[in-house]
Amino acid sequence: MSTPDDAGSMRGEAPRIEWDALLDAARAAMRRAYAPYSGYPVGAAGLVEDGRVVSGCNVENAGYGVTLCAECGMVSELVNSGGGRLVAVACVQRDGEVVMPCGRCRQLLVEHGGPECLVTAPDGTPRTVAELVPLAFGADDLA
């Protein structure tokens, strides 16, 4: 997938966040979702610190507890494509509008984006993961 600002990431700077492109990538992922039970497809896209964009969609299962959220798929693509830290994340639901990640997925963002990672919000104001998960449990708590 094309990146928002490869030149910036090559200079060691954080890539510029192109929110419209990130939302488009999330919407494209949402259209590939497998949601036959809920009828609620979700897509997520994340900008990685090196300029890559990773995405994922929800994948439901008849055993509801093993359903995968879109953010899980996005983080799986992040890890599978070389890892790194998420800088910004956008999530959309079936009508293409922004939706907030659930609690489980917010915890994934703590681990793979950290407190400064930005997440789109329905009101149009990006929030940091620290705002979404105050006093988050993380790897430091296991030390």
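Student: Leaving aside its neighbours within four places in sequence, which residues is L109 in contact with?

Tutor: Happy to start there, with the reminder that this is a predicted model. Contacts between residues far apart in the chain show how a fold is held together in space, so let us list them for this leucine. Beyond its sequence neighbours, L109 touches M74, L86, V89, P101, G114, V119 and V129.

Student: Which residues touch the most other members of the largest nonpolar core?

Tutor: That core has 19 residues, and L109 is among those with the most partners inside it, along with V54, M74, L86, V89, V119 and V129. To see where a core comes from, look at the elements that feed it. At least two residues come from each of β1 (43-48), α3 (70-80), β3 (86-92), α4 (103-112) and α5 (129-132). Helix α3 contributes the most, with four residues.

Student: How many residues are in the second, separate core?

Tutor: There are 13, including A25, A26, M30 and A88.

Student: Let me turn to the annotations. Where does UniProt place the feature "binding site"?

Tutor: The unreviewed UniProt entry puts that feature at C69, C102 and C105. With an annotation like this, it helps to ask how the positions sit in space. These span 37 residues in sequence, but no two of their C-alpha atoms are more than 8.7 Å apart, so they gather at one spot.

Student: Is C105 buried or exposed?

Tutor: C105 counts as buried, because its relative accessibility is 0% and the cut-off for buried is under 20%. This cysteine belongs to helix α4, and its contacts, apart from residues up to four places away in sequence, are C69 and E71. C102, by comparison, lies in the loop between β3 and α4 and is partly exposed, at 34% relative accessible area.

Student: How many disulfides does the structure hold?

Tutor: Zero. The way to check is to look at sulfur distances, and a disulfide needs two cysteine sulfur atoms within 2.5 Å. For C105, the closest cysteine sulfur is that of C69, at 3.6 Å, which is too far for a bond. C91 is in no disulfide either, and the nearest cysteine sulfur to it, in C105, is 7.4 Å away. C91 is also buried, with 0% relative accessibility.

Student: Finally, which residues does UniProt give for the feature "domain: CMP/dCMP-type deaminase"?

Tutor: The unreviewed entry gives residues 17-140. For a domain, you can read off its make-up and how its ends are placed. This span is 30% helix and 18% strand, and its end C-alpha atoms are 28 Å apart.

Notes
Residues are numbered from 1 along each chain as its sequence is written. This is a predicted model: local features need pLDDT of at least 70, side-chain atom pairs count only at pLDDT 80 or more; totals for chains, interfaces and linings use all residues. Side-chain values use heavy atoms; hydrogens and water are left out. A nonpolar core is a set of buried Ala, Val, Leu, Ile, Met, Phe, Trp, Tyr and Cys residues joined through side-chain atoms within 4.5 Å. Buried means under 20% relative accessible area, exposed over 50%, partly exposed in between (1.4 Å probe, protein chains only). Contact means heavy atoms within 4.5 Å. UniProt positions are given in the numbering used here, feature names are shortened, and annotations may be inferred rather than shown by experiment.
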